Amino acid sequence: MSYVVLARKYRPLRFADMIGQEHIGRTLGNAITQDRVHHAYLFAGARGLGKTTTARIFAKALVCEQGPTPEPCNACAQCLAVTEGRSVDVIEIDGASNNSVENIRGLREQVHYLPQTARRKIYIIDEVHMLTTSAFNALLKTLEEPPAHVNFVFATTEAHKVLPTILSRVSRLDFRRVSIGEIVAHLQSVLQREQLSVEPAGLHLVARAAGGSVRDAMTLLDQVLAFANDPKAVSEAEARAVLGQAERTAVAGLVDAILARDPDRTMASFDALAAGGIDLTVLSLQLLEDLRDLAIARSCRTRDAFIDATADELDELVRRANAVPPSVIAQAFDRLWRVVDRLATARSQRLVLEMGLLELSQAEPVLPLGDLIERLEALGDGRAPGGSAPPRSSGAAPSRSSTASRSSGRAPTGSRQGAAPDDDVPPPPEPAESPPASATRTDAELRASAAASAAEPRASSAASASAAPSASAASSASAAPSAPAAPSASAASSASAAPSASSAPSASAAPSAPESASTSVAPSTPAAPSAPATPPADAQASPFMRDLWAMAHSSGVIAPGSTAATPPVESAPASAPRNGKPVASAAPI
């Protein structure tokens, strides 16, 4: 009797025997139980996950003599015929070799015939994505409306190559890759039934090399058992030698040399591994896996991602990961992955991998983009990268015009001569002679003086208005020299206060006159006529305007008998010189 490989010998016979595909078995079992079986199914997934095996179990469940049932008996004639592949009503077709439109036309003619011995006729087409476009189009009508006694089951590893018109007519079920723990448990159960033994570390190597495929794991286990001197006690070293994998410690030493940027140690470690006959493709994948483990150990706090590692191995992995920044590990993985991606088409894999490792051991770490942006912003703010910005004043930054005006010594364009103190206008340059400390006033004093000067004319004009009707011509003539004194004094005071108030922003540059000089009395003007004058309508709009008009009329600013709404503008006589400079004339009323 010829030897039957483990993958065929231990092929599942029921849905419950499927490894890691419980969702598929539950879906198909419930469909049979509830009589909701679809006329066409598509099984999609990677190789070795049990797509064809599941199709056979589904076919047995439909044609079993005890069924239809989700649990085929595997003892009746129909179940045995399907298991042995000799059933005339369960037809398996290889889509890779029967992919022409002529093959599909023959299938369309056969589907109309009733099954010979079974309850139903089932077509299983493996690798259905290999069918040509014409073959798919020829199958569309039959697939959409098949005879009542026909079911289709398609299996493919590349579902994206199947036409959308086919996908819309089938019920798709996706098979998942099996985890390493489930594969290891399945391999241990097979070894127990075979009365063989392999070290747990060796089984982990086999499961990781299988890549989630149960059939690949069974095939690799066959190779390990055939290589070992004693199949009942297979060591980890023997399993590693068969799989062409390097020692974990050797791979870790090579990765540490790369991360430490030590070219000499990197080349020495690589030469030692290559001399031992290690498959370079497998070695490169081991390097990627080690970098992945370091990244997870450095960033994550859980150990659930390291199912196949012992406690000592995990502690060593964490120790190595803490010595390297996470960004350096990620950059090394990305660069090494690019090298590994070119190995498949390289004529000399060793040269490509050797130069890639040498470049990794000499490459400087790349700064993250966020750090570069932060450094540029720091340079733009005028501070050292990584430092704090210098303190800024609460006010707004000076404009270019104000800066230029400071340097040129003149007021900026568009600035007012008597701008308010709060305006952002730089003061003019200071004069050569500074006023005495007693003559310097603050902004508050200047504002108070201006307010008092504005209130004084109102009071004086009111008094003069009340006294004018009762005064005689003689008394008016005798009082004429002294009567204008109060208005003149108030006018002079307002004249002296007006420039101070208007030039408040440049108080430091244009010194104010001393207190005594600001209250000096101007020369007396000719006596005003005793006849009262009637203010115009514009002047009677408000009490303030009336008082202002009366003050101007009594002081002689308005000619006798004038009814103009706007008084003529006259400049007050200059007061006594202050510090050798004449005082500015009064502002127009």
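**A walk through one predicted chain**

Let me begin with the whole chain, which has 589 residues, and of these 37% are buried. Please keep in mind throughout that what we are looking at is a predicted model. Its secondary structure comes to 24 helices and five strands, and if we take the contacts between residues at least 6 apart in sequence, 72% of them join residues at least 24 apart. As for the outside, the chain exposes about 32,800 Å², and carbon and sulfur atoms supply 54% of that area.

Now I would like to turn to one pair of helices, H9, which covers residues 200-210, and H10, which covers residues 214-227. Their axes lie 8 Å apart and they pack at an angle of about 135 degrees. Because angles of 115 to 145 degrees fall outside the parallel, antiparallel and perpendicular ranges, H9 and H10 are oblique to each other. The crossing of H9 past H10 is right-handed. On the H9 side, the contact is made by Leu-203, Val-206, Ala-209 and Ala-210, while H10 brings Asp-216, Ala-217, Leu-220, Leu-221 and Val-224. Sorted by type, the residues of this contact comprise eight nonpolar and one charged, with no polar residue.

Finally, let us look at a single residue, Gln-21, which you will find in the loop between helix H1 (6-9) and helix H2 (22-33). Is Gln-21 buried or exposed? Its relative accessibility is 0%, and therefore Gln-21 counts as buried, the cut-off being under 20%. If we leave aside the neighbours within four places in sequence, Gln-21 is in contact with Leu-49, Phe-175, Arg-176 and Val-178.

Technical notes
Residues are numbered from 1 along each chain as its sequence is written. This is a predicted model: local features need pLDDT of at least 70, side-chain atom pairs count only at pLDDT 80 or more; totals for chains, interfaces and linings use all residues. Side-chain values use heavy atoms; hydrogens and water are left out. Axes are lines fitted to C-alpha atoms, for helices over the stretch in contact, and angles run from 0 to 180 degrees between N-to-C directions. Helices (H or I, at least four residues) and strands (E, at least two) are DSSP runs, numbered from the N terminus. Angles under 35 degrees count as roughly parallel, over 145 as roughly antiparallel, 65 to 115 as roughly perpendicular and the rest as oblique. A crossing is left-handed if the near helix is turned anticlockwise from the far one by less than a right angle, and right-handed if clockwise. Contact means heavy atoms within 4.5 Å. Ala, Val, Leu, Ile, Met, Phe, Trp, Tyr, Cys and Pro count as nonpolar, Asp, Glu, Lys and Arg as charged, and the others, Gly among them, as polar. Buried means under 20% relative accessible area, exposed over 50%, partly exposed in between (1.4 Å probe, protein chains only). Accessible areas come from the Shrake-Rupley method with a 1.4 Å probe; for residues, only the protein chains shown count as cover.
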